[in-house]
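Please find below my notes on this model, set out as numbered points. They are meant to be read alongside the sequence and the coordinates.

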Amino acid sequence: MQQDDFERCDRKLLNFGHTLGHALENQYDLSHGQAVSIGMAYACNISKQITGFKETEKVISVLERYGLPADAKFDKEKVFNVLKMDKKRERNEISYVLLEKIGKGVIKIISLDHLEKIIQEL
């Protein structure tokens, strides 16, 4: 892998929390930071199921310590319909930034059906 490939991959990791966050931000009266914070908490919970991430509560604790929300009541179907239009979607899959551990982000390809099921259960 060349240096440019590493840099592109590293920049993509900055999208942590943004996939669900942007869908929330477009549907509700939330600031970008609030929406991404909720998206980060959800990404941690999704990571728990996909990568075995074990530090969700630690991440949520840090978000809350800085006055950021980690959860919100929202219409999951409505938000998921927006999420499906994300530019990271390709056919019936989406690239999602998840965590393996704090400080170790990874990009995983998740089927939309599987992601929808996980989000509905959270």
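1. Leaving aside residues up to four places away in sequence, Gly-21 touches Ala-35, Val-36 and Gly-39 in this predicted model. Gly-21 itself lies in helix α2, and it counts as buried because its relative accessibility is 0%, where the cut-off for burial is under 20%. Between Gly-21 and Ser-47 there are 15 Å in space, C-alpha to C-alpha, for a separation of 26 residues in sequence.

2. Ser-47 appears again among the contacts of Leu-98, a residue of strand β2 (residues 93–101). With residues up to four places away in sequence not counted, Leu-98 touches Ala-43, Ile-46, Ser-47, Ile-50 and Thr-51, and also Lys-104, Gly-105, Val-106, Lys-108 and Ile-110. Leu-98 counts as buried, since its relative accessibility is 0%. Lys-117, by comparison, is 19 residues from Leu-98 in sequence and 17 Å from it in space, taken C-alpha to C-alpha.

3. Which residues of helix α5 are buried? In this helix, which spans residues 76–83, they are Lys-76, Val-79, Phe-80 and Leu-83. Viewed down the axis of α5, these buried residues fall within an arc of 100°, and therefore they line one face of the helix. The spacing can be read against a general rule: an α-helix has 3.6 residues a turn, so residues three or four places apart point the same way. The cover over the buried residues of α5 includes α2 (18–27), α3 (32–50), β2 and α6 (112–121).

4. The N-terminal end of α5 is capped by Asp-75, one of whose side-chain oxygens lies 3.1 Å from the backbone nitrogen of Glu-77. A reader checking this cap should look at the side chain of Asp-75 and the backbone of Glu-77 together.

5. Thr-56, in helix α4, is another residue whose side chain reaches a backbone atom, here the oxygen of Cys-44 at 3.3 Å. Apart from residues up to four places away in sequence, Thr-56 touches Cys-44, Asn-45 and Lys-48. Because its relative accessible area is 3%, Thr-56 is classed as buried.

6. Helix α4 (residues 56–65) also holds Val-62, which is partly exposed, as its relative accessible area of 36% indicates. On the surface, Val-62 joins Tyr-66 and Leu-68 in a nonpolar patch, and the accessible area of these residues together is about 290 Å².

7. How many salt bridges does a search of the whole structure find? The search finds one, in which the side chains of Arg-91 and Glu-90 meet at 3.5 Å, N to O. In general terms, side chains of opposite charge can pair when their charged atoms come close. Both Arg-91 and Glu-90 are exposed, and Arg-91 is so classed because its relative accessibility is 63%, with the cut-off for exposure at over 50%.

8. The backbone of Arg-91 deserves a separate remark, for its phi is near 55°, a positive value in a residue other than glycine. As background, most residues other than glycine have a negative phi. Arg-91 is located in the loop between β1 (89–90) and β2, and a colleague inspecting that loop may wish to consider the positive phi of Arg-91 together with its salt bridge to Glu-90.

Terms used
Residues numbered from 1 in each chain as written. Predicted model: local features only at pLDDT ≥ 70, side-chain atom pairs only at ≥ 80, totals over all residues. Heavy atoms only, no water. Patch = residues over 30% accessible without salt bridge, like charges linked within 9 Å, V, L, I, M, F, W, Y side chains within 5 Å. Areas by Shrake-Rupley, 256 points an atom, 1.4 Å probe, with all protein chains shown as cover. Salt bridge = Lys/Arg side-chain N within 4 Å of Asp/Glu carboxyl O. Helix = DSSP H or I, 4+ residues; strand = E, 2+ residues; numbered from the N terminus. Buried < 20%, exposed > 50% of the residue type's maximum accessible area, 1.4 Å probe, protein only. Contact = heavy atoms within 4.5 Å. Arc of directions from axis to C-beta. Polar contact = N/O pair within 3.5 Å; in protein donor to acceptor, adjacent residues only side chain to side chain.
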